[in-house]
Amino acid sequence: MSWIQKLYETYENCQSMIGKVGEENEVPLLPICHTIQNAQINIVINLSGEFVRAAVVPRSEAKTIIPATEESAGRSGKKPACYPLCDKLQYIAGDFLEFGGEVTVGFTDDPHEPHNAYVKQLSDWCDSSYKHPKVLAILDYVKKGTVVADLVKEGILHLRPSTRLLMNQWSENDNILEIFKLLPGGVDNKGKKKPWQADAFVRWSVEVPGDPQSSIWTDPTIWESWVNYYGSVKSVKGLCYVTGEQRFMASQHPKKIRYSDDGAKIISSNDWSGFTFRGRFTDTKKHNTYQTCGVGFEVTQKSHSALRWLISRQGYRSGDQAIVAWATSGMSIPNPLDDPLSILGEKNLKNDDCGSIFTAQNLAIKLKKKIAGYKSDLGDASGVVVMGLDSATPGRIAITFYRELTGSEFLSRLEKWHDTCAWIHDYGYNPETKGHIRFVGAPAPKDIAEAAYGSKVDNKLKKTTVERLLPCIIDGQQIPRDIVDSAIRRASNRAGMEEWEWNKTLSIACAIFRKLNEKEGYDMALDENRKTRDYLYGRLLALADSLEQWALNEAKEDRQTNAARLMQRFADHPYSTWKIIELSLAPYKARLKAKSQKRQVLIDKVHAMFEHPDDYISDKKLSGEFLLGYHCQRESLRPKEVETTNESEPEMVTKIDE
C-alpha cells in the first residue's frame, strides 16, 4: 500500500494546485469526488432558473471539472450512471425524447429513467444541508423540461425541417454547423452510429449580479458543497489500511488514470463472480472491505487524482505504458526518462549557438547546474517515488516498477547516469531556429530502443526496452548487453540507414557501449595513446572515410564512400576489408595531391601503434570499441571554429562537417 500512501501525501502537499488548468493536454489536480469531461455546450441561466443564452464550447476550452459519484466516475456498460450536475442531454433534458433523442440501450425499456435519475440525484443534493444556490437554480431550470427546445431556439441544436426531430447528420460539405464540427454524427464503417448532436455534453453557467464567478466548473464553493454532501451519504465505515484510521470506505476506485479514455483500474473490488478469492473470504454480503485490504473513500479519490495529474504533467507515456517520477513534497524534479535537452527545457536552448562543440560542453555544464539546483531545492530528506504502470488487458493496470528514494539518492543516480552514459550527440532539435543542437549526455531510453531495434520498432518491444533500462537509471544496474549489441550491429550497418538516422544510432551506440564498459574509462575525446586493436581499427576507418569524402566533395560527387559501404564487412572482417579500403584510396590521394598528406601521415601513425602484428593481421570480429575509435577520430577532424581559422589545410572532410 506504500504507493497509494505516497500519492495521498502528495495530494495533501499540493492542495494549492487543485483545479488549476495548465497546458492544453494537462489534467488538473481534481477536487475529490470530481472528474473531468469535455463539454460541447454551455448553457447560461440566472439565479431564478431562467434560460439566458447558450453557446457551443470550442475544443480548446472544453475541459470541465464536474462533480461525480463513485458509480458515475467509473461508469460503463448499458446503463451508465448519471453525473450529479453536468451530463449529456439524455440525462438533463426532460424534452429529449420529444425531439427524437435516443437513450442508451439499457434504458430503452424506460426511456425516462436517465432523466428521472438525474433529477432525483440533484434534488437529493439540493434538499440536504449542503445545498448551493446555483445548483438550486440549475434544478429549477431542468425541472421545466425545456432544455432541447431552448437550445434549438438558440441555434445550438438543429432539427430536420420535415419531422421537427433532431438532425443526426450534416450532409453539406460547406458551412458546417458548429455543433457538427464537434460531434460529426453519421455511421462508421462498422455500421455503428458516431456521436451526434444529441450526445452533446452540457455544462452550466449561473449568472448572479455582482458575482464574477458564473462558471460552475471553476467555482470552489460548488466543489466544496458537493464534497460535503457526498461525504455525508456514505455509510460503510472500516479500517483504512493507508491511514490506519476508521474511515468511510470506498466501494469503487477511479479509472481514467493514464488518459481520458482509460477504462483500466489499479484497484478493483467487484469480483463477486468468477471466484478469484473463494476459500479465503467468507463474507457474502459484498462487504469485501471488511475482509480484504480496505481503502478509505477520500484516500482513494485523492491518490488516484494525484496519480492522474502527475502522469499528465510530468510522466512518460507510450501506449498503455506510463512511467512517472515525483517528489511527495510537490517540488519539481527532472524526468529520469528525458535526455539532457528535455531536462534543460527549450527556453534555455533558444539562446545557444547550435552546432558548436563548445555549446555541447556548455549544455553538459548546464545540466550539472540544473541537477545541483534540484538538490538544493529538494534537500536530503524529501522523498521521491518512481512508478511504472502498464496493462495486459483493457480493464486492469499493473504497477510494473516502483522505487522510493530520498531526493539526494534520486538526483545522484540520475547525475551518474548522465555522466557515465554520456556521449556527443547531434540529433537535438531547436524548434525556433529549426536547426540541430549538439549536446553531451545520456540518450533517452526511447531513443536507445530505436537505436537498438530501428525507428519502426514494435511498440511492445519498445515498452519492454524502456522498462528494462529504467533500473539502470534508478538502481544503477548494468545496462543489458543484448540491447548494446543490437545497437552496435545497427550502427555498423551504415548502408541500411539514412545519414541522419545512422549518425543518431552511432552516437547512441557509443554512449551505451561506454556505459556497459564503464570500468575501461573511455573518454569522449580522441585518446591518442589508446593502443587497443579495435579502437585503432576504428580510427583507420574514420581516416579513410574522411579522405575519400574530401576527394568526393572536391569532385562534387554525391555517393557513399567505400568505407561507408563496407562498414559492416569491416566490423566482421577488419583486416581483409581494410586492405580493400586502403587500396581503393589511391585515386583519391592522387586527386587531392599534397592536400591529403596530413590524413596519410595519420593513417601511417595509427598503423604504427599496433603493438603486436598478430592484432593487425587478425580478421577477428571487432567489438563496439571500434565505433568509439571511429567517432572520436571523426570528431577530432571536425573543423574547430577558432583553432583552425589560420590552418592552410582545410579540415572539412565529411558531409556532416560541411
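Start by selecting R591 and E557: their side chains form a salt bridge, with the closest N and O atoms 3.4 Å apart. Look at where the two sit, since this pair links distant parts of the chain: R591 is in helix α22, while E557 is in the loop between α18 and α19 (562-565), 34 residues apart. Switch on a surface if you like; R591 is partly exposed at 37% relative accessibility, and E557 is partly exposed too, with a relative accessible area of 29%. Keep in mind throughout that you're looking at a predicted model.

Next, add K595 and E554. Their side chains meet in a salt bridge, 2.9 Å from N to O. Here again distant parts of the chain are linked: K595 belongs to the loop between α22 (586-592) and α23 (597-608), and E554 to helix α18 (residues 533-554), 41 residues apart. Both ends are partly exposed, K595 with a relative accessible area of 35% and E554 with 44%.

Now jump to D211 and K134, another salt bridge, at 2.9 Å from N to O. D211 lies in the loop between β6 (201-207) and α8 (220-233) and K134 in helix α5 (residues 133-143), so the pair ties together parts that are 77 residues apart in sequence. Which of these two side chains is buried and which partly exposed? K134 is the buried one, with a relative accessible area of 3%, whereas D211 counts as partly exposed at 28%.

For a change from pairs, select K368, K375, E415 and D419 together: salt bridges that share partners join them into one network. If you feel like hunting for others, the structure holds 36 salt bridges.

Last stop: helix packing. Show helix α17 (residues 499-516) and helix α25 (residues 625-637), whose axes come within 9 Å and cross at roughly 120°. That angle falls outside the 65 to 115 degrees that count as roughly perpendicular and isn't over 145, the mark for roughly antiparallel, so α17 and α25 are oblique to each other. The crossing is left-handed.

Which residues should you show as sticks where α17 and α25 meet? On the α17 side, pick W502, N503, L506, S507, A509, C510 and F513. On the α25 side, pick E625, L627, L628, Y630, H631 and R634. Colour them by class and you'll get 8 nonpolar, 3 polar and 2 charged residues in this contact.

Notes: Residues numbered from 1 in each chain as written. Predicted model: local features only at pLDDT ≥ 70, side-chain atom pairs only at ≥ 80, totals over all residues. Heavy atoms only, no water. Salt bridge = Lys/Arg side-chain N within 4 Å of Asp/Glu carboxyl O. Helix = DSSP H or I, 4+ residues; strand = E, 2+ residues; numbered from the N terminus. Buried < 20%, exposed > 50% of the residue type's maximum accessible area, 1.4 Å probe, protein only. Axes fitted to C-alpha atoms, helices over the stretch in contact; angles between N-to-C directions. Parallel < 35°, antiparallel > 145°, perpendicular 65-115°, else oblique. Left-handed = near helix turned anticlockwise from the far one by under 90°. Contact = heavy atoms within 4.5 Å. Nonpolar A, V, L, I, M, F, W, Y, C, P; charged D, E, K, R; others polar.
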